[in-house]
Amino acid sequence: MVVSSILYEGKYLIGTYGGGLYVFDPERLTLSNFEPGYDDTFKNGHIFDFEIDRDGDLWICTSNGLFRHERDGNNVYYNRLNSKLPEGNIFGIFFDSTGRGWICGEKGLCLWDAESRQLVGDILPDKFIHNTRVRRICETGDGRLLFIYDKNRMFESDIEIKNFGTLTTPVPLDNKDMDMLIDKEGWMWLITTSGLYRWDGNKVFYSYNFNDGLLSQTFFHSGSDMDDDGRLWLCSSQGLVTVDIDNVTERQRPYRIAITDASVNGIDSFGKLDRTGDNSYEMRLDNGGEVNLAVKVS
């Protein structure tokens, strides 16, 4: 099972679940092992994520700790015994605009200090998210850090980690596995197993569905990406979906509530509804016993 990949120095690194790490050469069309004999993790471990920092060093997140592969060929290995790394799987790493690295472990967060070139722990404030798996971290153009943790909960912080707190979407997204991308216009795309959403971070919130050309409402919370031209690539249960941000048009009018059904005392009475205006209806009830009116809306 392939779970991660990256283009690094002209070759593709391919991370697998339980099968280690491979190198694909697109010029020769050959597949080989990564650093044969260096570590058993690269032979039969889980390779969850890759990232390249501003110095050009390659970071590899695995089931057996964190590896830093420097451009000069030197390799550094971090685990919970020789560093502040949390125990368990290391699922991902994100470098913000300051060069600081956010390492997402199974049991919580750890930071890479670019100045001292050290992993540091226990420096996050008490009310920051702790001891939980962070699934995705993004940074907006104005320096806001956005976190998705515990499948569908959101958290935000400024770059100085001084002002932070829970982030609530205008529409509840309970029980949805989520991923997130920030497009070139600064909007958040929330990619969930039950739909696709675009949010400006405040009150403007769009939901996309079959009427917008989607063949599926089920999107996977991994594998989505944005290319250098700002085009989004999203993995759905019906195949690959691409979004050209330049051609995404804002809806001129919001959705309106519409009555879809009505019953009186449990008896279907939709036919008794009289439309009296653009979005208003009237129903006359029998005073003798019609006392329970139920209306369904969409």
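**Reading loops, rings and overall form in a predicted model**

Me: Asn131 sits in the loop between E12 and E13. What is the sign of phi at Asn131, and how should I read it?

Reply: Keep in mind from the outset that this is a predicted model. The general idea is that most residues other than glycine have a negative phi. Asn131 departs from this pattern, since its phi is positive, at about 50 degrees, although the residue is not a glycine. Its relative accessibility is 68%, and because the threshold for this class is over 50%, Asn131 counts as exposed.

Me: Which value does phi take at Arg117, and where in the chain is that residue?

Reply: Arg117 has a positive phi of about 55 degrees, again without being a glycine, and its place is in the loop between strand E11 (108-113) and E12. With a relative accessibility of 30%, Arg117 is classed as partly exposed.

Me: How many aromatic pairs does the structure hold, and how is one of them to be described?

Reply: A pair of aromatic rings is described by the distance of the centres and the angle of the planes. The structure holds 20 such pairs, and one of them is formed by Phe128 and Phe155, whose centres are 5.0 Å apart and whose planes make an angle of 70 degrees, an edge-to-face arrangement. Phe128 belongs to the loop between strand E12 (118-120) and strand E13 (134-139), while Phe155 belongs to strand E15 (residues 153-158), so the pair ties together parts that are 27 residues apart in sequence. Both of these residues, Phe128 and Phe155, are buried.

Me: What is the geometry of the pair that Phe128 makes with Phe164?

Reply: The ring centres of Phe128 and Phe164 are 5.3 Å apart and the planes stand at 65 degrees, so this pair is edge-to-face. The link joins distant parts of the chain, from Phe128 in the loop between E12 and E13 to Phe164 in strand E16 (residues 164-167), 36 residues apart.

Me: Are Phe128 and Phe164 buried or partly exposed?

Reply: Phe128 has a relative accessible area of 3% and is buried, whereas Phe164, at 28% relative accessibility, counts as partly exposed. Ring pairs also link Phe128 and Phe164 with Trp102, Phe147, Tyr149 and Phe155 into a cluster.

Me: Where does Leu215 lie, and what is it in contact with beyond its neighbours in sequence?

Reply: Leu215 lies in the loop between strand E20 (205-208) and strand E21 (225-226), and its relative accessible area of 67% makes it exposed. Leaving aside neighbours within four places in sequence, Leu215 is in contact with Phe210 and Gln238. Leu215 and Val241, which are 26 residues apart in sequence, have their C-alpha atoms 9.0 Å apart in space.

Me: Stepping back to the whole chain, how many helices and strands are there, and how spread out is the protein?

Reply: The protein has one helix and 28 strands. Its radius of gyration is 25 Å, well over the 19 Å that the globule rule gives for 298 residues, so the protein is more spread out than a compact globule. Along the principal axes, the C-alpha atoms fill a box of roughly 85 × 50 × 35 Å. Of the 298 residues, 43% count as buried, and among contacts between residues at least 6 apart in sequence, 41% join residues at least 24 apart.

Me: How many charged side chains of each sign does the protein have?

Reply: There are 31 positive and 47 negative side chains, and the centres of the two sets lie 3 Å apart.

Technical notes
Residues are numbered from 1 along each chain as its sequence is written. This is a predicted model: local features need pLDDT of at least 70, side-chain atom pairs count only at pLDDT 80 or more; totals for chains, interfaces and linings use all residues. Side-chain values use heavy atoms; hydrogens and water are left out. Helices (H or I, at least four residues) and strands (E, at least two) are DSSP runs, numbered from the N terminus. The radius of gyration is taken over C-alpha atoms; the globule rule is 2.2 Å times the number of residues to the power 0.38. Buried means under 20% relative accessible area, exposed over 50%, partly exposed in between (1.4 Å probe, protein chains only). Contact means heavy atoms within 4.5 Å. Lys and Arg count as positive and Asp and Glu as negative; His and the chain ends are not counted. The place of a charge is taken as NZ of Lys, CZ of Arg, CG of Asp or CD of Glu. Rings of Phe, Tyr and Trp (its six-membered ring) pair if their centres lie within 6.5 Å; planes under 30 degrees apart count as stacked, over 60 as edge-to-face and the rest as tilted.
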